[in-house]
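Q: I'm new to this one. Can you walk me through it?
A: Sure, here it is.

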Amino acid sequence: MTLVRKRLHQLGRVVTGKTPPTARQEFFQGDYLFVTPSDLDYNHYYCRSAERTVSEQAKATLRNQFIPANAVMFTCIGATIGKCGIAPSECLTNQQINSVIANDECDPKFLYYLFCNSVHIVKGMGGGAATPIVNKSKFENIDFLVPPLRQQQEVGRILSAYDDMIENNRRRISLLEEAARLLYREWFVHFRFPGHEHVPLTDGLPDGWERQTLGSVLTLQRGFDLPVATRLPGTVPVYGSTGIVGAHNVPKVSFPTIITGRSGSLGHVCFVDDPCWPLNTALWVKEFNAASVYFAYYLLEGMNLKQFNGGASVPTLDRNVVHAANITLPPKLLISLFDEQAATLFAQKKLLLQQNQQLAQARDLLLPRLMNGKIAV
């Protein structure tokens, strides 16, 4: 495969995004995605959703900053330099993102994978400042070795086949999660469980149900210290207040549990069925006294744990306060019936997650070899 050195502006037009004036409410809550670095990921090639959207009025005012479908977005400021993704439709980004609209000599998917393979190069251009920045001028003058268009398209086709399967599995995972969540709500929130027609209500609860405190159902425990400097290479996930934040070589918890935020960020609830290490910024369920891990997961998820914030400057969740919260507890038989169905859904989800991990590993092995021409296409 013949490779030719080209600067980025030779592969497409670079557009730097812009944030609409926040005081102009008519610019927001429209039909166009407003993409910021928090919406991009190192593992998703299409950016399918964003926290905010913008309107036709924003498009009319910022027409030059709007990008078309298949434009490639790349974060160029701060600690998130290197997050990239492909626009699924016409959208706007903020000023931390430079986007490239590929020309007729460049395949958009190839350009995305070219960025994925060159994150370290772009990061190195950010300098040693407190907030590294790769400005538009630097960005559009980065040079790459690229093959002719036909080979670009083939590289994009091969690699995107893996990402398409990963995205399809993610959609299936979302459906499985939603199926279990809807089942929980149907049975334990709306009281439409099997045989509910024949169960009378007493004081607003079906017979056999009890009003309890959360602490009588499960026991939350503060996580464990593990500074980054002391972590050793391994595959055990380390959980903070919002999910996985790193890895270590040994677990602190070896059985299925639930982890949620204790300090800094509250409300996110994680179901964890592999050995893990919960950090001291998190709370984890040490004991399941009167509920299964599946029932407890959806119980905690539906409690809006943010409402128990007891911190002034830093959001903090006091487990003793949460333990005192009132909940409704169904009979053990009904929880067991729910477990049977939830366990099947969660097993399917785990299998799909494992498949995605294998697909991502295979893609990442191919990526540099396809880009440097070691694998002919």
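Q: Which residues of α5 and α7 meet each other?
A: On the α5 side they are Glu177, Ala180, Arg181, Tyr184 and Phe188. On the α7 side they are Phe295, Tyr297, Tyr298, Leu299 and Glu301. Keep in mind that this is a predicted model.

Q: How many of those are nonpolar, polar or charged?
A: The contact of α5 with α7 has 7 nonpolar residues, 3 charged ones and no polar ones.

Q: At what angle do the two helices pack?
A: About 80°, and the axes of α5 and α7 are 11 Å apart. An angle from 65 to 115 degrees counts as roughly perpendicular, so that is the label for α5 and α7.

Q: Let me step back. How many helices and strands are there?
A: The protein chain has 9 helices and 20 strands.

Q: What box do the C-alpha atoms fill?
A: Roughly 75 × 50 × 45 Å, along the principal axes.

Q: And what share of the residues is buried?
A: 45% of the 377 residues count as buried.

Q: What about contacts across the sequence: what share joins residues at least 24 apart?
A: 72%, counted among contacts between residues at least 6 apart in sequence.

Q: On to charges. How many salt bridges are there?
A: The count comes to 15.

Q: Which residue does Arg48 bridge to, and what is the closest N to O distance?
A: Arg48 pairs with Glu167, and their closest N and O atoms are 3.1 Å apart. The two residues sit 119 apart in the chain. Arg48 is in the loop between β3 and β4, while Glu167 is in helix α5.

Q: Is Glu167 buried or exposed?
A: Buried. The cut-off is under 20% relative accessible area, and Glu167 has 8%, so Glu167 qualifies.

Q: Which residues share a salt-bridge network with Glu167?
A: Arg48 and Arg171 are linked with Glu167 in that network.

Q: What about Asp163: which side chain does it meet in a salt bridge?
A: Arg363, at 2.6 Å from N to O. Here the partners are 200 residues apart, with Asp163 in helix α5 and Arg363 in helix α9. Both Asp163 and Arg363 are buried.

Q: Which residue does Lys350 bridge to?
A: Asp274, at 3.0 Å from N to O. Lys350 belongs to helix α9, and Asp274 lies in the loop between β17 and β18, 76 residues apart.

Q: Why do Lys350 and Asp274 count as partly exposed?
A: Partly exposed runs between 20% and 50% relative accessible area. Lys350 has 27%, so that class fits. Asp274 has 36%, so the class fits there too.

Q: Now sheets. In what order do the strands of the 4-strand open sheet run?
A: β2-β8-β5-β6, with antiparallel pairing. β2 and β6 are the edge strands, each paired on one side only. The twist from one strand to the next averages 20°.

Q: How many bridges join β5 and β8?
A: 4, in the antiparallel sense. One residue pair is Met73 with Ser99 in β8.

Q: Which helix packs on that sheet?
A: Helix α2, residues 108-116. Helix α2 touches β5, β6 and β8, and its direction makes about 170° with that of β6.

Q: What order does the open sheet of 3 strands have?
A: β4-β3-β7, and the pairing is mixed. β4 and β7 each have a single partner strand, so one side of each has no neighbour in the sheet. Neighbouring strands are turned by 65° against each other on average, direction ignored.

Q: How many bridges join β3 to β4?
A: 4, and the two strands run antiparallel. Phe28 stands opposite Val54 in β4.

Q: Last topic, β16. How many of its residues are buried?
A: 5 of its 5, so β16 is mostly covered, given that buried means under 20% relative accessible area.

Q: Which strand pairs with β16 over 4 bridges, and which over 3?
A: β17 pairs with β16 over 4 bridges, in the antiparallel sense. Thr257 stands opposite Val272 in β17. β19 also runs antiparallel to β16, joined by 3 bridges. There, Thr260 has Leu283 as its bridge partner.

Technical notes:
Residues are numbered from 1 along each chain as its sequence is written. This is a predicted model: local features need pLDDT of at least 70, side-chain atom pairs count only at pLDDT 80 or more; totals for chains, interfaces and linings use all residues. Side-chain values use heavy atoms; hydrogens and water are left out. A salt bridge is a side-chain nitrogen of Lys or Arg within 4 Å of a carboxyl oxygen of Asp or Glu. Buried means under 20% relative accessible area, exposed over 50%, partly exposed in between (1.4 Å probe, protein chains only). Two strands pair if DSSP finds at least two bridges between them. Axes are lines fitted to C-alpha atoms, for helices over the stretch in contact, and angles run from 0 to 180 degrees between N-to-C directions. Contact means heavy atoms within 4.5 Å. Angles under 35 degrees count as roughly parallel, over 145 as roughly antiparallel, 65 to 115 as roughly perpendicular and the rest as oblique. Ala, Val, Leu, Ile, Met, Phe, Trp, Tyr, Cys and Pro count as nonpolar, Asp, Glu, Lys and Arg as charged, and the others, Gly among them, as polar.
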